[in-house]
Structures are given as structure tokens and as C-alpha cells.
Amino acid sequence: MRQQLIRSTVLAVLLAIAITMVPVCLSLWRASNHGGGLLEQWVHEGMTPTISLQLVGLLLGLAVLALVAGVVVAIGQARRLATPMTQLADRAERLGAGESRIQPLHSGIAELDKVSEVLARSAQRLTKSLASERDFAADASHQLRTPLTALLMRLEEIAVTDDLEVVQEEASIAIAQVERLTRVVDDLMSRTRRGGDEPQASVSLDSVIAALQREWQPAFEQARRSVRVHGERGLAVQAKPVDLSQVLSTLLENSLAHGRGTVDVHARRSGPSVVVEVSDQGEGVPAAIAPHIFERSVTTTGTGLGLALARDLAESNGGRLELIQAQPAIFALFLSESDAA
């Protein structure tokens, strides 16, 4: 923009000089080469009042003409600068109102185009930030809903029984579920503060599976179904206990909601990894959905978040979650084995 202003100023000055000086220079050139005329008459006879007035009028006319030329140049330049600045202000106002799709401005003025690019990049960052916040809110609500559902089932068991021993047992499990819920909340808060960059942790696979079996037992009994755990014991994996519990809870919850018969949880070694397979005796995942089963919003009846979140949690712990068989469904969680038992 500075170069534009400099060029327009120089152009206005040159026009003014040309308008005022060109007629004078032409008159002097003509007098010196052809002689005669008014100039020679002024030299020999002196300048009469009439000629003086004519000369003053001529100079004033040239000055006014130069002023008009300068004003025309200034107006043209002002319009050329005002249009892109108005468009830039409009983009800034739309960004401030929350619009996230801002197209860069190409005005040919370097300073304005640079500001426009900054606004466009800010809009893109705003879009990513809003999407991240929406995903976090959805993930957090899903992670909290699963343990709350299990806790509600325990409290319902306590409410309908008069057996003191059963009450004590159910209350003890309910307390453990509340503690798990607290750890989920703490994990969500720490994930927000650290941005997901957290150190690796180890956990006993047996302890997590046993806690989940106790947690989901009432729900499966109510559905006249059961959870069977088998395979190798004493395995430890590199994963955060809260994340591992969430991934396996999602698989159990999906099996309870969409599967049928006994749910098998089978743990085994596979090279440097530990594989936990969860399967049931239901019809499995439809062929049309199977390739997209881990995508958000892909679901038959649920929220479409559970498996996507479970996959993300598995990957954040260095593992992966796969659907290794669609019908009947077998999900496999692969995690690195840990030396810590």
C-alpha cells in the first residue's frame, strides 16, 4: 500500500508540473526559434496591463487545471484502496461473528493481502479448535455415560434387596465404580491440560478384566446372558488403566446391546503384543457397515461414538483396535506387552 501511495503522489506531481510547465516551455521554444509573437513584443515594447492580465489568467488556469488533475488522481487512488479495505473489514467482521470459512483476498496490495491471509489462517485454526472441542465434549459424555450406567444398575440392585450381605457386596462394587468414574474425570482433565501428550503406563490385564466382569455382571444377568473370560493369565500391557477399561467396556456394552449369547473375552500373547479378543454369538456387524465401523457417527442404533473413541484410546496407548471378523463379530485389541506384572 505504501508503494501505491508513493506512485499516486508522484503521478499527481508530474501531472501538475506537465500542465504548468509544458505551455511555458513551448512558448519559449517557439520564440527562440521563430522570433516575433507576444514574447518579442513584450521585450521591445514592455508588457501592457491587458497582456499582464492575460498572462495572470493563463497561469491561474494552468494552476486550476493542475489541481483538478491532482484531485482526479487522488480520488481514483482512494477508490482503489477503499474497495479492498472494505472487503477486508467485512471478512474481519465475519470472523468475529464466528464464521469459519474466510476466503483470502487478492487485491494486488501486498499489505492488505497479507492481513487477509492471516485472517484466513485464523479462521482455519478456529474451525479446528471448535471441532476439537466438540469431539472432546462428545468423547467425555460417552466416557462418563458408561460407568454411570453400570453404577445405576448397582444402586438398583441395592434398592430392591433386603439381604445385608448382598447390600454390602453391591455397595463395595458401587464404590469401586465411583472411584473408576473419578479416575475417568481426572483423566479427561489431565488430557485437556496436557493436550494428550502423556507418558506410557502399565497395567495388569487380569485386574482390569476382573473389575469389568464384576461391573457388567448385573446387566448381562438381567439380559439372561453371561461373560466368559479365558486365555492366558498374568499378562501386563502398556496402557493407562482408565483407557484400557474404557475400550473393553465399550466392547462389552456393544455386545450387550447388539450381540447375543455368551460374550467371550480371550487374552493371549502374539509376538511382542498382547491381544484381547471380545466376541459373542450374535449375527455380527452388517457387511455394509463393517468397513466403516470405527468412523464417528457410523452406527445402527447407538450414538456412533463408542467404537471411534475406543479406537482413538487404543491408538493413544500405542495399540490398535480392529474388527477381525464381522459375522459373528470379533473385536481384537492389540497392545504392547509390559514387563511390569
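**Reasoning through a predicted model**

Me: A66 has its place in helix 3 (residues 49–96). Why does A66 count as buried?

Reply: The model is a predicted one. A66 has a relative accessibility of 9%, and buried means under 20% relative accessible area. The value falls under that cut-off, and therefore A66 counts as buried.

Me: Which residues does A66 touch, leaving out those up to four places away in sequence?

Reply: A66 touches A16, I19 and T20. A66 and A18 are 48 residues apart in sequence, and 8.3 Å lies between their C-alpha atoms.

Me: R80 also lies in helix 3. Why is R80 called partly exposed?

Reply: The relative accessible area of R80 is 39%. Buried means under 20% and exposed means over 50%, with partly exposed in between. Since 39% is in between, R80 is partly exposed. In space, R80 is 9.7 Å from I109, C-alpha to C-alpha, while 29 residues separate the two in sequence.

Me: What makes D135, found in helix 4, partly exposed?

Reply: D135 has a relative accessible area of 35%. The class called partly exposed is the one between under 20% and over 50%, and therefore D135 belongs to it. The C-alpha atoms of D135 and R296 are separated by 9.7 Å, although the two residues are 161 residues apart along the chain.

Me: How is the packing of helix 4 (residues 110–160) against helix 6 (residues 205–222) described?

Reply: Two packed helices are described by the angle between their axes and the distance between the axes. For helix 4 and helix 6 the angle is about 65° and the axes are 9 Å apart. Their crossing is left-handed. Helix 4 makes the contact with T146, P147, A150, M153, R154 and E157, and helix 6 with R214, E215, W216, P218 and A219. By class, this contact has 6 nonpolar, 1 polar and 4 charged residues.

Me: How do you know that the length of helix 7 (residues 241–258) agrees with its number of residues?

Reply: Helix 7 has 18 residues, which at 1.5 Å a residue should span 26 Å. The expected span takes 1.5 Å times one less than the number of residues. The end C-alpha atoms of helix 7 are 26 Å apart, and therefore the two values agree.

Me: What makes helix 7 mostly covered?

Reply: Of the 18 residues in helix 7, 13 are buried.

Me: N254 is found in helix 7. Why does N254 count as partly exposed?

Reply: N254 has 22% relative accessibility. Buried would require a value under 20%, and exposed one over 50%. The value lies in between, so N254 counts as partly exposed. Apart from residues up to four places away in sequence, N254 touches G259 and L307. The C-alpha atoms of N254 and G306 are separated by 8.4 Å, with their positions 52 residues apart along the chain.

Me: Which residues of helix 8 (306–316) are buried?

Reply: In helix 8, the buried residues are G306, L307, A308, L309, A310, L313 and A314. Helix 8 is followed by G318, whose phi is positive, near 80°.

Me: Which residues have the most contacts inside the largest nonpolar core?

Reply: They are L205, L244, L248, L321 and L333, in a core of 39 residues. Among the elements that each supply at least two residues of this core are helix 7, strand 4 (263–270) and strand 7 (330–336). Helix 6 gives the most, with 7 residues. Leaving aside neighbours within four places in sequence, L205 is in contact with L235, A236, L244, A267, V274 and V276. A second, separate core has 9 residues, including L88, L95, L112 and A123.

Me: What is notable about phi of R224, and why is R224 called exposed?

Reply: Most residues other than glycine have a negative phi, and most peptide bonds are trans. Phi of R224 is near 55°, a positive value in a residue other than glycine. R224 lies in the loop between helix 6 and strand 2 (227–231). The relative accessible area of R224 is 79%, and exposed means over 50%; therefore R224 is exposed.

Me: Which residues are joined by a cis peptide bond?

Reply: Q327 and P328 are joined by a cis peptide bond, with omega about -10°. P328 has its place in the loop between strand 6 (320–325) and strand 7.

Conventions. Residues numbered from 1 in each chain as written. Predicted model: local features only at pLDDT ≥ 70, side-chain atom pairs only at ≥ 80, totals over all residues. Heavy atoms only, no water. Axes fitted to C-alpha atoms, helices over the stretch in contact; angles between N-to-C directions. Helix = DSSP H or I, 4+ residues; strand = E, 2+ residues; numbered from the N terminus. Left-handed = near helix turned anticlockwise from the far one by under 90°. Contact = heavy atoms within 4.5 Å. Nonpolar A, V, L, I, M, F, W, Y, C, P; charged D, E, K, R; others polar. Buried < 20%, exposed > 50% of the residue type's maximum accessible area, 1.4 Å probe, protein only. Core = buried A, V, L, I, M, F, W, Y, C linked by side-chain atoms within 4.5 Å.
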